Amino acid sequence: MSENQLSILLVDDDPALRRLLSQQVRLAGYTVREANDGREAYDAILAECPDMLVTDWNMPAIDGPDLCRKLRQSQLPHYLYILMLTAKSDSNDLIEGIEAGADDFLSKPVRPGELVARLHAGARMVRLEKSLRQMSERDSLTGVLNRRMFQNLIEREWNRASRHVLPLSCVLLDIDFFKKINDEHGHAVGDAALVAVANILKEECRPSDYICRYGGEEFLALLTQTDEEGAARWAERVRVILAEQVIKANDKHLRLTISLGVAQKLADTANPERLIDLADQCLLVAKQSGRNRVVRFSALQDSLLDPFNQGHRHPLFGVLARDVMSTLVLCLHQDDRVQQAAEHVLQIRTGSVPVVDDDGHVVGVITEKDIMALAVEEGGWDHTIREVMEKNVVSYEENAPAKEIFDFLCRVSIRRVLVVEHGRPVGVISRESFLRWFGNWMAAHDGPSDGLDEQAMQRVGLTKIAEALAERSAEMKSHLATEHDDFIPYVVGEATRMQELLNDLLGHCQQARLPV
C-alpha cells in the first residue's frame, strides 16, 4: 500500500495554519480532510474513519486530549493513528497526551519536513496494522471473510435488521463434486476453483453485502436489505455466471457448477444460526435433487406442503412414519450408568439415544452433550441415566403421516424425532431422513433419461443399492474372519450404514407403487 492510499483528517481551530498544513500533507501524497475543532472532528471520524488524525492540543469545545479519549473509547472500524500538535514541552503534559491515546507528538511551530517524516513513520504502523487485520479477518486463499469475522458481522446486521424492520437473507453454496476435482487434478487446481468462485461472488456483491468462506468448499453470502426473492435472483445469476466460465489452472481448463440454498430472516427466525440452518437445509435439498440449482426455503415448503406438486402426487402422499424412519439399533435403560451411555453413543455414532423403562416404553433421551458435561465432573459417569436424561421427548406413532412430522421439523430447530409403537421406540426420523426420501422421490419422477424408461431407471437405482449392500456385507464378513478384537462397535456401525441403504431401497420400492 502506498502513502497516497492513506487518508488523514487534520483538525485545528486556526484556519491559516490548517490550510498550510493541509497543503504540505497533500504534497506528501496523502488524502486530506479538514475539521475546525474537536467536536466536528469527532463527528467526521464516526461518519468516515480516516487512517490517521493530526490534531491540535488546544481547541474549543473538545481539546486534543479529550478528543483522543473519546476516540479510544469508540468502536471504530480500524485503529486510528493520532499525531498531536502542541506547543507544550513539559514531560507531564506529554505523559497526559500519551495516556489520553496519542501515538506521537510534534512541537509547534511545525517544520514541514518533520511533519512529513512523522506521518511516514505513522504510515508504516498503519500499513502493518492493516496487514495484520487482513490476516485475522480474511481467508488466506480466497480473500473473503473468514468464519469468525463473519459471525461478528452477521450479529451486527441481524440486530440492525431487527431494529429497523429490514429484510435480511443469506445464501449458502457448495461447489459440486469438489472432492473429485481435488482427487483427479490435484489440490492446486482445487484451490484455483475456490479462488474463481470467491472472485465471482465478490464481483456480484454490493458494498453492503458480505461473503464468507464457511467451510472447505462452502461459501456463505449475507445480503442486507434483501428479501428471499431478491436473494434467489442473485443466487441464480451467480450460478449461471459460474457455469458459463472456464476455470484455468496450470494446464487444466475446468467448468464448475454450484448448488445454492436461500433463506430469509422472518419474524419467527430465532437467531442468525437458525437463518444459516434454514439455508443449509435448502442447500442439502439442492444437492439431493441433482445439484447445479437454487432452492429457496419458502419455495421448498410451498412445493412439498402443497397437496399437488407440478401435477404429481405429493412426495409424502400416503407415506407413514415407518416408511421414512431409520430403525433403532440400540436403546438404553434408565437405570444404566452414564458411562454405558457414552459407549453406546460411540457405537451407534449418533448424537442421542432413547431411554426406556422396564416395560420398554420411552421415558427420555440422553445426548452426547449431556454426557460430555458429566465427563468433566468427578464421578459424573457413575450417575444413572434417569438422573441426567432429558424427559421431554418428541415422538410419533409409526403409523403417523410422515407429512405431519415433516411439517413439525420445518417449524422447529429440533433435528430428529422418535418413532414409537405403542410407546416403545422403533425408529428415528431426522431431516436427513426426509432429504433422502425426497431424493428418491425426485429420482423416481424425473422421467426417462438416455433412452431408459422409468421402470428401467428404477431398476438401475435398485441395482446400485444392492451392489453397495453386497459390498458392505462382504467387507463385514472379511473383518469378522480376520479381526479378533472387540468387533461389536464395528458391526453396529456397519449395520447402521446398511440400514440407510435399506431405507433407500425401500424408498425406491415405495415410490414405484405410488400413483402419479
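Contact here means heavy atoms within 4.5 Å. The model is predicted, so local features need pLDDT of at least 70 and side-chain atom pairs count only at pLDDT 80 or more, while totals for chains, interfaces and linings use all residues. Residues are numbered from 1 along each chain as its sequence is written, and side-chain values use heavy atoms, leaving out hydrogens and water.

**Exercise 1.** Find what Asp 139 touches, leaving out residues up to four places away in sequence.

*Solution.* Start in the loop between α5 (112–137) and α6 (147–164), where Asp 139 is found. Helices are DSSP runs of H or I with at least four residues, strands are runs of E with at least two, and both are numbered from the N terminus. Next, list the contacts of Asp 139: Val 144, Leu 145, Asn 146 and Arg 213.

**Exercise 2.** Is Asp 139 buried or exposed?

*Solution.* Take the cut-offs: buried is under 20% relative accessible area, exposed is over 50%, and partly exposed lies in between (1.4 Å probe, protein chains only). Asp 139 has a relative accessible area of 15%, so Asp 139 is buried.

**Exercise 3.** Work out which element gives the largest share of the largest nonpolar core.

*Solution.* A nonpolar core is a set of buried Ala, Val, Leu, Ile, Met, Phe, Trp, Tyr and Cys residues joined through side-chain atoms within 4.5 Å. The largest one has 31 residues, and Val 197, Leu 201 and Leu 256 are among those with the most contacts inside it. Its largest share, 8 residues, comes from α8. Finally, check Leu 256: its contacts include Ala 193 and Val 197, with residues up to four places away in sequence not counted.
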